[in-house]
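Student: Could you walk me through this structure and tell me how each label is earned? I'd like to see the cut-offs next to the values.

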Amino acid sequence: MTATPPEVPGAPLLEVRDLRTVFATGRGDEVVAVDGVSFSVAAGETLAIVGESGSGKSVTALSIMRLLPARVGRIAAGSIRLHGRELTTLPDAEMRAVRGRHIGMIFQEPMTSLNPVHTVGAQIGEVVRCHEGLGRDQAQAHAVEMLSLVGIAEPRRRAGNFPHELSGGMRQRVMIAMALACRPSVLIADEPTTALDVTIQAQMLDLMEDLQAKLGMALVFITHDLGVVAQLADRVIVMYAGQVVEAGPVADLFARPRMPYTAGLLASIPRLGRSLHGRRLHAIPGQVPTAAQLPAGCRFSTRCGHVEPHCVTTLPGLETAAPQHEVRCRRWQELHLGEGASA
């Protein structure tokens with residue numbers, strides 16, 4: 001078992017720098033799915049990654065976990081450091097020891113992640129048997145403890161259930177229990193509440209906040225739901241077409257978005273009264289471009305209502321708009337996009 005390095009107060013546990021992930025195509029070339037993404041997250045901190053489908057959020061997470069599809073996806077450049085240890089160059093056997101032990105992940109759909117022919121207790125126990133060398137009885141006892149930790153009633157009985165015997169909310173709790181079985185210092189949650197109804201979703205978010213407070217872990221929460229970000233996160237990065245287009249503290253970014261895409265996302269949040277009296281919900285026109293058909297200039301230029309000729313021809317870099325707040329837009333100082341949503 002690999003020991004967890006000691007934590008330095010305030011130091012990032014996970015650091016991603018200039019990450020570039022590419023996928024092979026049937027034409028023999030490659031397309032860029034994640035392009036120059038950088039961020040860090042410290043112990044006890046929650047970083048949200050938001051954006052529409054196709055923005056590169058999940059590929060970023062899979063890159064960190066080194067779970068990209070074999071022979072198709074690869075990390076072409078950049079650095080991923082966990083406790084200061086470079087993950088991109090780790091041999092596969094050492095990376096397998098890191099997954100689950102030091103960094104855990106909750107996937108979007110538990111029915112595709114849980115094995116249907118094994119009990120949930122056996123699946124949770126397998127994690128600690130693999131990483132901590134526990135015997136069968138010890139692992140089963142730990143599985144029951146984890147099910148209790150995530151709020152499942154009658155955990156000893158539920159440990160003997162198969163995934164199909166549990167509700168969607170309970171299966172998601174099982175996924176959280178598996179991800180936390182070895183008390184990882186970093187947890188990545190990829191859209192973990194998307195398939196749940198709003199009541200169960202609220203329970204899951206409260207549960208994750210409680211567990212983070214108890215365990216002191218860093219949390220990377222991937223979502224398209226800015227309402228969830230407002231409730232859960234300390235900082236947020238907004239992704240579009242594989243790039244970070246805005247990043248900053250949640251309160252600052254929600255109060256004053258600088259990038260038209262971020263402003264559009266915030267304006268799309270349903271709020272009481274918005275759809276009343278004939279007022280319609282805001283929608284961003286068009287779709288996120290595919291990795292094979294990226295615009296030459298700003299990647300949001302094909303959907304932006306503030307586009308100018310130079311936006312179409314020149315790809316902007318990230319600029320500092322405020323302390324700890326970055327934006328990828330050449331016009332951010334002149335646009336005055338107005339107030340966003342209260343965080």
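Tutor: Sure, starting with accessibility: buried means under 20% relative accessible area, exposed means over 50%, and partly exposed is in between (1.4 Å probe, protein chains only). This is a predicted model, where local features need pLDDT of at least 70 and side-chain atom pairs count only at pLDDT 80 or more, while totals for chains, interfaces and linings use all residues. Residues are numbered from 1 along each chain as its sequence is written, and side-chain values use heavy atoms, with hydrogens and water left out.

Student: Why is Arg-27 called exposed?

Tutor: Its relative accessibility is 61%, and the cut-off for exposed is over 50%, so Arg-27 counts as exposed. Asp-29 has 32%, so it lands in the partly exposed class.

Student: What makes Arg-27 and Asp-29 a salt bridge?

Tutor: A salt bridge is a side-chain nitrogen of Lys or Arg within 4 Å of a carboxyl oxygen of Asp or Glu. The closest N and O atoms of Arg-27 and Asp-29 are 3.3 Å apart, so the pair qualifies. The whole structure has 15 salt bridges.

Student: Which salt bridge does Asp-35 form, and how do you know?

Tutor: Asp-35 pairs with Arg-299, with 2.8 Å between the closest N and O atoms. The two sit in distant parts of the chain, 264 residues apart: Asp-35 is in strand S2, and Arg-299 is in the loop between helix H11 (260-267) and helix H12 (309-313). Helices (H or I, at least four residues) and strands (E, at least two) are DSSP runs, numbered from the N terminus. Asp-35 is buried at 17%, and Arg-299 is buried at 9%.

Student: What about Glu-52 and Arg-303?

Tutor: Their side chains meet in a salt bridge at 2.9 Å, N to O. This pair also links distant parts of the chain, 251 residues apart, with Glu-52 in the loop between S3 and H1 and Arg-303 in the loop between H11 and H12. Glu-52 is partly exposed at 23%, whereas Arg-303 is buried at 6%. Elsewhere, salt bridges with shared partners join Arg-20, Asp-35 and Arg-299 into one network.

Student: How do you know that Arg-173 has no salt bridge?

Tutor: Arg-173 is buried, and the nearest side chain of opposite charge, Asp-206, is 8.3 Å away. Lys and Arg count as positive and Asp and Glu as negative, while His and the chain ends are not counted. Arg-173 is in helix H7. Its contacts (heavy atoms within 4.5 Å), leaving aside neighbours within four places in sequence, include Val-150, Gln-203 and Leu-207.

Student: Why is Cys-130 not in a disulfide?

Tutor: A disulfide is a pair of cysteine sulfur atoms within 2.5 Å. The closest cysteine sulfur to that of Cys-130 is in Cys-182, 8.1 Å away, so it is too far for a bond. Likewise, the sulfur of Cys-304 is 6.5 Å from its closest partner, in Cys-329, which is too far. The disulfide count comes to 0. As for burial, Cys-130 is exposed at 56%, and Cys-304 is buried at 16%.

Student: What makes S8 largely enclosed?

Tutor: 6 of the 6 residues of S8 are buried, so the strand is largely enclosed by the rest of the structure. Ala-218, Val-220 and Ile-222 are buried on one side, and Leu-219, Phe-221 and Thr-223 on the other.

Student: How do you know that S3 and S8 pair?

Tutor: Two strands pair if DSSP finds at least two bridges between them. S3 and S8 have 5 bridges in the parallel sense, so they pass. One of the bridge partners is Thr-223 in S8, set against Val-50. S7 and S8 pair in the parallel sense too, over 5 bridges.

Student: Why is the pairing of the 8-strand sheet called mixed?

Tutor: Strands of a sheet pair through backbone hydrogen bonds, either parallel or antiparallel. Here S7 and S8 are parallel, while S9 and S10 are antiparallel, with 6 bridges. The open sheet runs in the order S6-S7-S8-S3-S9-S10-S12-S11.

Student: What makes H1 largely enclosed?

Tutor: 7 of the 9 residues of H1 are buried, so the helix is largely enclosed by the rest of the structure. Among them are Val-59, Ala-61 and Ile-64.
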